[in-house]
Amino acid sequence: MTTTSSISPQGAQPVSHTSENDALPGGEHSHIAPGEIAVGVIIGRASEYFDFFVYGIASVLVFPHVFFPFEERLEGILYAFVVFSFAFIARPFGTVISMAVQRRFGREAKLTIALFLLGTSTAGIAFLPGYASIGFTAIVLLSVFRFAQGLALGGSWDGLPSLLALNAPQNRRGWYAMLGQLGAPLGFFVASALFAYLYANLPAKDFLDWGWRYTFYVAFAINVVALFARLRLVATEDYSRLLEERELQPTSVVELARSQGANLLIGAFAALASYALFHLITVFPLSWITLYSDQSITEFLVVQMIGAVFCAGGIVASGLIADRVGRRFTLGGLAALIAVFSGFAPTLLDGGRIGQDIFILLGFVLLGLSYGQAAGAVTSNFEPKYRYTGAALTADLAWLIGAAFAPLVALGLSAHFGLAYVSVYLLSGAVGTLAALGLNRALVRD
């Protein structure tokens, strides 16, 4: 019999040995409220996305000049996007390794290692000399540090999103599912604001020599503080007991793949439309504007910051919509809208400043509405003992399949064959989501 975790139907029986009420305020076993868990989720997600976007923006504005100066601008950005994808390739490996570490040494040891690795790799990028100083070694080190960031992010999984979903009131699961997703627009807004300020106020030579490095200093500080905060949170006695009661403990990845392999793939594809849209609204447009538009980079970053505010509003609205009409209908409906949006993407991107701004703002609204419920799809119908590891690996696969190569593929194909390929990429993501929703019986019951 298939059981559900974060997307349990209204009339379903509990999926673990501990009832929902035991984990809520006033329950017999814990005094931790869902809102308190949400704070930990938002802290973790905001720091993660800030790091994502700092690297993504730098891949367009900085790395082609600093690490690939021997190539034309387009090829330099494409090479930078190849390195950009390394973190997403590394994340599943980081999850697998970290689960083994946690089973043997505990959750605190795992998060401590992740903190050290993430801090070291981010600081390493900040201090890394460019190609002009050490040649090809600079590219190798950049790739190593980027891969290490992915390993660390895979190891930073703390189970709090799953815990939040399980502890949410039955009629407000959509609302609590969206809370952690607010970290995405928050992280993007801060990263874009920091780059916009530095890009606008420093001479080009100073920005490329040392100005961009401040963004990675900030990323280092934020990541360390956020991981320490989460470490202190999950190390408390109440949280440890609650995680154990909810059976949120690591399991063998081999056993998970053998028993729940279909659920891994369905969960990864269920939110594919949202993940495909993610970098095609944030990172790819910046590269296209930089290469093929006369619009000011600073002004375009400001437009994207406004879009991030719209995205946050869409995320909040998604919680209200999902609680009213159901998560399956919300994800499916937004996938259909993204498919429609994909048809207008080439016209808007090729429509001058007004068209490009409309593409960004409308895209961010759709991203917020769809991504707000993407976390619900990630933990859809795993058996209780596989929920902790399954949720982490499903998220890793969703990022890898939907978002890792999106800027590279979209820019490479569009630059050589036309913007119609942006439509193809978005449409494929929408089709993947609709197909997965049709197969996911847990969502059908939601």
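A charge sits over a ring if NZ of Lys or CZ of Arg is within 6 Å of the ring centre and within 35 degrees of the ring normal. The model here is predicted, so local features need pLDDT of at least 70 and side-chain atom pairs count only at pLDDT 80 or more, while totals for chains, interfaces and linings use all residues. Residues are numbered from 1 along each chain as its sequence is written, and side-chain values use heavy atoms, leaving out hydrogens and water.

**Exercise 1.** Find the ring that has Arg146 over its face.

*Solution.* Go to Tyr55: Arg146 lies over its face, at 4.0 Å from the ring centre.

**Exercise 2.** Classify the ring pair of Phe52 and Phe88.

*Solution.* Start with the rule: rings of Phe, Tyr and Trp (its six-membered ring) pair if their centres lie within 6.5 Å, and planes under 30 degrees apart are stacked, over 60 edge-to-face and the rest tilted. Next, take the values: the centres of Phe52 and Phe88 are 5.3 Å apart and the planes stand at 55°, so this pair is tilted. Finally, check burial: both Phe52 and Phe88 are buried (under 20% relative accessible area, with exposed over 50% and partly exposed in between; 1.4 Å probe, protein chains only).

**Exercise 3.** Do the same for Phe127 and Tyr217.

*Solution.* With centres 5.4 Å apart and planes at 45°, the rings of Phe127 and Tyr217 also form a tilted pair. Now look at accessibility: Phe127, at 60% relative accessibility, counts as exposed, whereas Tyr217, at 30%, counts as partly exposed.
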